[in-house]
Amino acid sequence: MSARVVVAGAGVMGVAAARSLAARGHRVTLCDPGPLPHPLAASTDISKVVRIEYGDDQGYMALGERSLDGWHRWNRDLFAGDPLFHETGVLFVRRSAMAPGGFEHDSHAALLARGHRPERLNTAALTARFPAWRTGRYVDGFFHARGGFVESGLVVERLLAHAATEGVALVPDASFARVVDGGVALASGEVLPADRVVLALGAWTPFALPSLATSLRATGHPVFHLRTRADALRLPCFWLRPDCTVLPAFGDFTGGALVTPGPRDTLVLTDGMRLHRLPPGRRGAATAAA
Ligand SMILES: Cc1cc2nc3c(=O)[nH]c(=O)nc-3n(C[C@H](O)[C@H](O)[C@H](O)COP(=O)(O)OP(=O)(O)OC[C@H]3O[C@@H](n4cnc5c(N)ncnc54)[C@H](O)[C@@H]3O)c2cc1C
């Protein structure tokens, strides 16, 4: 039976849900406080890594496998001629040997258990295969050809365009306030009629639903976009976790680089294709140089 559904939040989760509901015959309204796509949504930005490695969590890996299939399907069906998922492979490296209980070791073991074929890499292999990383710094790791990155902001933009042509009513500048009889009350006081409501508010969830604030906490981290020279090898996204794991979706990309705080409260900048950690005192200079 067709229902009137309001989906609040037009990040990738909200727009994917809206399209899926519309495809099932429901009358869908998608609202968001920002312009669409919202530049502050976690889903937008330049790029996001797509990976299936989540330590020993094989259930999550199984979801990741379905997600990879989904990205290929979207490349074929929605982004034909201009794919937004780039399967460059994903590289995990360590400064010490992988060991049971560690993220890389357990991810590698889970990949093998589920029939994947990651390539284990030692220092020599890393140096030969990935000369951009500082020679000798990383001694162990693996490369998995399945995975890569998506041009995330463009993905949301294209999904929204598809949603509009598929009958989803897009309502920007509309902030969910609360569920009321017969629909959703917006912050403006307007009521959007609805039989069903889907909240896809991402990090804003505990603000819209304060009762969840004790169990959900929004966190954030700074992102720096570095524009490379036009003639330089373009950098995809980088993610350095505090324990020095590097997850590059390595390839030739026409965007920028995503840089997050590196180990021990330092910044990671790209200099050509070498990585440097800068002490906190040099952050300003580093940002300016970037
Ligand atoms: C810096 C950063 C890097 C990341 N890197 C990766 C990565 O490499 N790989 C990966 O898989 N994941 C990554 N993630 C996580 C991933 O981006 C998120 O899990 C995903 O985008 C969440 O999508 P979402 O639709 O749930 O939330 P969002 O994209 O945040 O969308 C929520 C939407 O809700 C809207 N909203 C807020 N309040 C209201 C309201 N009251 N009414 C209506 N709408 C409202 C917002 O405007 C927003 O558009 C990263 C996240 C961040 C922040």
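This passage describes the fold of one chain and the surroundings of its ligand. The model is predicted.

The chain holds seven helices and 17 strands. Of its 290 residues, 33% count as buried. Contacts across long stretches of sequence are a marked feature: among contacts with a separation of 6 or more, 63% link residues 24 or more positions apart.

The description starts with the strands. Strands of a sheet pair through backbone hydrogen bonds, and the pairing is either parallel or antiparallel. Strand S1 spans residues 4-8 and is joined to S2 by five bridges. These two strands run parallel. Within the pair, Val7 stands opposite Leu30 in S2. S2 is mostly covered, with four of its five residues buried.

The loop between strand S2 (27-31) and S3 contains Pro37. The peptide bond that leads from Leu36 to Pro37 is cis. Its omega is near -5 degrees.

S3 belongs to an open sheet of three strands, in the order S3-S8-S4. The pairing in this sheet is antiparallel. S3 and strand S4 (85-86) stand at the edges. Each has a single partner strand, so one side of each is left without a neighbour in the sheet. Three bridges pair S3 with strand S8, residues 148-150, in the antiparallel sense. Here Val49 stands opposite Phe149 in S8.

Another open sheet is also built from three strands, with antiparallel pairing. Its order is S5-S7-S6. Strand S5 (90-94) and strand S6 (119-122) occupy the edges. Each of them has a single partner strand, so one side of each lacks a neighbour in the sheet. From one strand to the next, the twist averages 20 degrees. S6 is joined by four bridges to strand S7, residues 140-144, and the two run antiparallel. Asn122 stands opposite Asp140 in S7.

Two strands of this sheet also help to cover a helix. Helix H3 covers residues 103-113, and its buried residues are Glu104, Ser107, His108 and Ala110. Seen down the axis of H3, these buried residues fall within an arc of 165 degrees, so they line one face of the helix. Their cover includes helix H2 (58-77), S5 and S7. Just after H3 comes Gly115, which takes a positive phi of about 85 degrees.

A positive phi also occurs at Asp173, where the value is about 55 degrees although the residue is not a glycine. Asp173 is found in the loop between strand S9 (169-171) and strand S10 (176-180). With 13 other C-beta atoms within 10 Å, Asp173 is partly exposed. The cut-offs explain this label: 20 or more such atoms would make a residue buried, and 12 or fewer would make it exposed.

Strand S10 itself contains Ala177. Ala177 has 16 other C-beta atoms within 10 Å and is therefore partly exposed. Leaving aside neighbours within four places in sequence, Ala177 is in contact with Ala185, Leu186 and Ala187. Ala177 and Leu209 are 32 residues apart in sequence. In space, their C-alpha atoms are 9.0 Å apart.

Gly220 lies in the loop between helix H6 (205-208) and strand S14 (224-226). Gly220 counts as exposed because it has 7 C-beta neighbours inside 10 Å. Along the chain, Gly220 and Ala42 are 178 residues apart. Their C-alpha atoms are separated by 9.8 Å.

The last topic is the ligand. It is surrounded by 27 residues. The closest are Gly9, Gly11, Ser43, Phe176 and Gly202. Two elements give two or more residues to this shell: helix H1 (12-23) and strand S3 (48-50). H1 provides the largest share, three residues. By type, the shell around the ligand divides into 17 nonpolar residues, eight polar and two charged. S3 therefore appears twice in this account, as an edge strand with one side left without a neighbour in the sheet and as a contributor to the shell around the ligand.

How values were computed. Residues numbered from 1 in each chain as written. Predicted model: local features only at pLDDT ≥ 70, side-chain atom pairs only at ≥ 80, totals over all residues. Near = placed C-beta within 6 Å. Nonpolar A, V, L, I, M, F, W, Y, C, P; charged D, E, K, R; others polar. Pairing = 2+ DSSP bridges. Axes fitted to C-alpha atoms, helices over the stretch in contact; angles between N-to-C directions. Arc of directions from axis to C-beta. Contact = placed C-beta atoms within 7 Å.
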